[in-house]
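These are my notebook entries on a structure that I had not examined before. I set down what I looked up, entry by entry.

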Amino acid sequence: MLVLAMGAKILRARTKQQAAQGAGEQIRLIVADLMDDIGFFTGFLVYPGTSTAIFMFFMSETFDGPGEDSLSVMTYDRSIETDSELYRAFVPYALIMLLIYPIGMPLQYAVLLYRNRNQLNELRRIEMTIETDLARARLDAEVVTSEDEAAGVKRRVESAYKEREEFDRLRAKLPTTLRKLTAGYEMRTYWFEIFECGRKVALVCLPVYFKPGSPGQLILGLVICFLTYGIYGVYQPYDDPGDDVLSQMAQLSIFFSLVASIVTNAYPD
């Protein structure tokens, strides 16, 4: 992914240098966008699984019962002792991957959003202004008493929709990676993909430190689902209201699945 990102930047830089000569700049831009797309979606797909594997590397289990030699082994692969040369050799690599994936990817997103914060905040302001104008127009439309007032409300609505078209054009001009990072979200919550990364780590990676199916693991999952359900309900971050409802229903589904697991463990018969 880093190679793809660097390659895309190099192509765009060369395109700027040779734009005056017209040396295939359009093809370079298309290839750069394609590399950005592949890198972004690859990272999106592998992030949960890779992060889980990295967290599991640091899980260990010690056998120190009667007659045992206090042997410490990896929980994921009990054939590897945590005191072995093989395990110690991979610790630096695992730490680097920890910085690159679970920490590095949301940090990369945060840096990208911060560097473009002025442009994003301006789009956020425009979007919220349009929504406010439309909301006021709808309220005024309910109490109009004359044709002149109705015509005035209609003009305000038409003006708001024209501003919306201009807003969509400005949003489409965002850099490719930034546009994909904020796609599907309202601009007032353009940062929400960072929260999504944290949610994935909390829901998929943190439970690996508990015994599978244990009450502690299930309770942790319940707490995470409860908090994320509340955040989805408060912010309603998606452009499509149906996506907001779907995200909350998904959290409820996970929540009740975990509740069912707790009940099943408590009453196995």
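**Entry 1. Asp140 and its partner**

I began with the exposure of Asp140 in this predicted model. Asp140 has a relative accessibility of 31%, so I recorded this residue as partly exposed. I then looked for a charged partner and found that Asp140 forms a salt bridge with Arg156, with 2.7 Å between the closest N and O atoms. The two residues lie 16 places apart and link distant parts of the chain, Asp140 belonging to helix 4 and Arg156 to helix 5. Arg156 is likewise noted as partly exposed, because its relative accessible area is 37%. I kept a general remark beside this entry: side chains of opposite charge can pair when their charged atoms come close.

**Entry 2. The neighbouring Arg155**

I next turned to Arg155, which is found in helix 5, spanning residues 147–172. Is Arg155 buried or exposed? Its relative accessibility is 55%, and the threshold for exposed is over 50%, so I entered Arg155 as exposed. I also checked a distance from this residue: the C-alpha atom of Arg155 is 9.5 Å from that of Ala137, and the two are 18 residues apart along the chain.

**Entry 3. Other salt bridges**

How many salt bridges does a search of the whole structure find? The search returns nine. I examined two further examples.

The first joins the side chains of Arg125 and Glu122, at 2.6 Å from N to O. Both residues are in helix 4 (residues 117–141), and because they are three residues apart, about one helical turn separates them. Arg125 counts as partly exposed at 46% relative accessibility, and Glu122 counts as partly exposed at 37%.

The second joins Glu186 and Arg188, whose closest N and O atoms are 2.6 Å apart. Here I noted a contrast in exposure: Glu186 is buried, with a relative accessible area of 12%, whereas Arg188 is partly exposed, with 25%.

**Entry 4. Met187 and the nonpolar core**

Between those two residues in the numbering stands Met187, and I listed its contacts. Not counting residues up to four places away in sequence, Met187 touches Leu120, Leu123, Arg124, Glu127, Phe167 and Arg171.

Met187 also appears in the largest nonpolar core, which has 27 residues. The residues with the most contacts inside this core are Phe55, Tyr109, Leu113, Leu120, Ile130, Phe167 and Met187. I then asked which helices supply at least two residues each. They are helix 2 (25–57), helix 3, helix 4, helix 5, helix 6 and helix 7. Helix 3 provides the largest share of the core, six residues.

**Entry 5. Thr189**

I followed the chain to Thr189, placed in the loop between helix 6 (176–182) and helix 7 (192–205). I recorded Thr189 as buried because its relative accessibility is 1%. Leaving aside neighbours within four places in sequence, Thr189 is in contact with Tyr235 and Pro237.

**Entry 6. A nonpolar patch on the surface**

I then searched the surface and found a nonpolar patch formed by Leu99, Ile103, Leu107 and Val111. Together these four residues have about 370 Å² of accessible area. Leu99 is found in helix 3, residues 85–115, and it counts as exposed because its relative accessibility is 54%.

**Entry 7. Annotated regions**

I consulted the UniProt record, an unreviewed entry, whose annotation "transmembrane region" covers residues 38–59, 90–114, 218–238 and 250–267. I checked two of these stretches against the model. Residues 90–114 are 100% helix and 0% strand, and the end C-alpha atoms are 34 Å apart. Residues 250–267 are 94% helix and 0% strand, with the end C-alpha atoms 26 Å apart.

**Entry 8. The whole chain**

I closed with the overall figures. The protein has nine helices and two strands, and along the sequence they follow the pattern α-α-β-β-α-α-α-α-α-α-α. Of its 269 residues, 32% count as buried. The protein exposes about 16,800 Å², of which carbon and sulfur atoms supply 63%. Among contacts between residues at least 6 apart in sequence, 62% join residues at least 24 apart.

Key. Residues are numbered from 1 along each chain as its sequence is written. This is a predicted model: local features need pLDDT of at least 70, side-chain atom pairs count only at pLDDT 80 or more; totals for chains, interfaces and linings use all residues. Side-chain values use heavy atoms; hydrogens and water are left out. Helices (H or I, at least four residues) and strands (E, at least two) are DSSP runs, numbered from the N terminus. Buried means under 20% relative accessible area, exposed over 50%, partly exposed in between (1.4 Å probe, protein chains only). UniProt positions are given in the numbering used here, feature names are shortened, and annotations may be inferred rather than shown by experiment. Patches are made of residues with over 30% relative accessible area and no salt bridge: like charges are joined within 9 Å, nonpolar side chains (Val, Leu, Ile, Met, Phe, Trp, Tyr) within 5 Å. Accessible areas come from the Shrake-Rupley method with a 1.4 Å probe; for residues, only the protein chains shown count as cover. Contact means heavy atoms within 4.5 Å. A nonpolar core is a set of buried Ala, Val, Leu, Ile, Met, Phe, Trp, Tyr and Cys residues joined through side-chain atoms within 4.5 Å.
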